[in-house]
Amino acid sequence: MSETLRVFLYALLTALATGLGTLPFFFIQTFSKRLLGFGNALAAGLMLAASFNLIYEGLAYSMPRTVLGVLLGLLFIVLSRKWLETRDPPGVEQLRGADALQALLIVGVMTLHSFAEGIGVGVAFGGGEGFGTFISLAIAVHNIPEGLAIALVLIPKGVAVWRAGVWAVVSSLPQPLMAVPAFLFVAFFQPLLPVGLGLAAGAMIWMAFSELLPEALEDVSHSSAAVVITLAVAAMTVFQVLIA
Ligand SMILES: [Zn+2]
């Protein structure tokens with residue numbers, strides 16, 4: 001198998017892993033208000049921890065470029081949100097208005113962050129096959145809770161479980177698409193990697209506080225939302241250290 005094909009297949013595997021995050025929803029069909037609130041808090045905690053993980057990854061390359069990325073990510077997401085508000089967001093299934101906007105934002109933000117991770121996979125393979133395989137596996141495993149975060153937002157709003165699974169995988173498709181050019185042109189992509197990682201992190205932090213937390217607070221108390229977020233951050237941190 002050619003090296004390039006191998007990079008593509010590994011990165012494709014990471015994308016498919018994202019769909020696994022929706023599996024719990026084949027067993028949970030009804031959502032009480034409280035469960036919904038906890039679900040949003042859980043999604044916020046997972047995204048928050050994932051974003052800091054991206055920042056730390058970026059710091060290993062360059063601090064100024066990572067921070068520049070965070071600022072660009074913030075600017076990008078605030079402008080996108082404003083722009084999307086001025087128009088009718090395209091309906092996703094039966095979603096309308098605020099629900100559709102939020103569904104679009106979470107899938108959009110997660111897709112955006114997959115570009116950076118795809119570049120990460122390609123650059124890692126540039127550093128040797130063993131390292132590339134290792135990073136692919138790490139990203140594949142960490143994609144599962146990210147798929148869960150997407151499912152937690154989409155499914156309670158009425159999106160079918162299998163369709164949420166498809167959206168989860170779609171949000172990770174930039175991984176195989178970016179991994180190949182990043183592998184072939186490592187010298188070009190490597191300096192951009194910290195900017196991309198920072199950009200994804202900035203957009204995800206904004207998403208957690210602007211969309212997921214306020215939604216959680218509609219259904220559960222401040223204190224219980226904070227408890228779930230803190231536990232989610234702790235769990236995700238342990239998880240990411242164990243797989244890295
Ligand atoms: Zn990620």
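**Close-ups of the zinc site and helix 4**

**View 1. Here's the zinc ion with its protein donors, as placed in this predicted model.** His113 and His142 each give NE2, Glu117 gives an OE atom, and Glu146 is listed with two OE entries. These donors sit 2.1 to 2.5 Å from the zinc ion. Read along the chain, their spacing is H-x3-E-x24-H-x3-E.

**View 2. Now for the part of the zinc site that helix 4 supplies, His113 and Glu117.** Helix 4 covers residues 97-126, and these two are four residues apart in it, or about one turn of the helix. Are they buried or exposed? His113 has just 1% relative accessibility, so it counts as buried. Glu117 comes in at 3%, and because the cut-off for buried is under 20%, it is buried as well.

**View 3. Staying with helix 4, this one looks at Ile106 and its contacts.** Ile106 is buried, at 0% relative accessibility. Leaving aside residues up to four places away in sequence, it touches Met47, Ala149, Ile150, Val153, Leu154, Met207 and Leu212. Take Val153: it is 47 residues from Ile106 in sequence, yet their C-alpha atoms are 7.8 Å apart in space.

**View 4. Last up is the packing of helix 3 against helix 4.** Helix 3 (residues 63-85) meets helix 4 at an angle of about 150 degrees, and the axes are 12 Å apart. Since angles over 145 degrees count as roughly antiparallel, that is how the two helices run. Their crossing is right-handed. From helix 3 come Phe76, Ile77, Arg81, Leu84 and Glu85, and they meet Leu101, Leu104, Leu105, Val109 and Leu112 of helix 4. The tally for this contact is eight nonpolar residues, two charged and no polar.

Conventions
Residues numbered from 1 in each chain as written. Predicted model: local features only at pLDDT ≥ 70, side-chain atom pairs only at ≥ 80, totals over all residues. Heavy atoms only, no water. Donors = N, O, S within 2.8 Å, 3.2 Å for Na, K, Ca; no water. Buried < 20%, exposed > 50% of the residue type's maximum accessible area, 1.4 Å probe, protein only. Contact = heavy atoms within 4.5 Å. Axes fitted to C-alpha atoms, helices over the stretch in contact; angles between N-to-C directions. Parallel < 35°, antiparallel > 145°, perpendicular 65-115°, else oblique. Left-handed = near helix turned anticlockwise from the far one by under 90°. Nonpolar A, V, L, I, M, F, W, Y, C, P; charged D, E, K, R; others polar.
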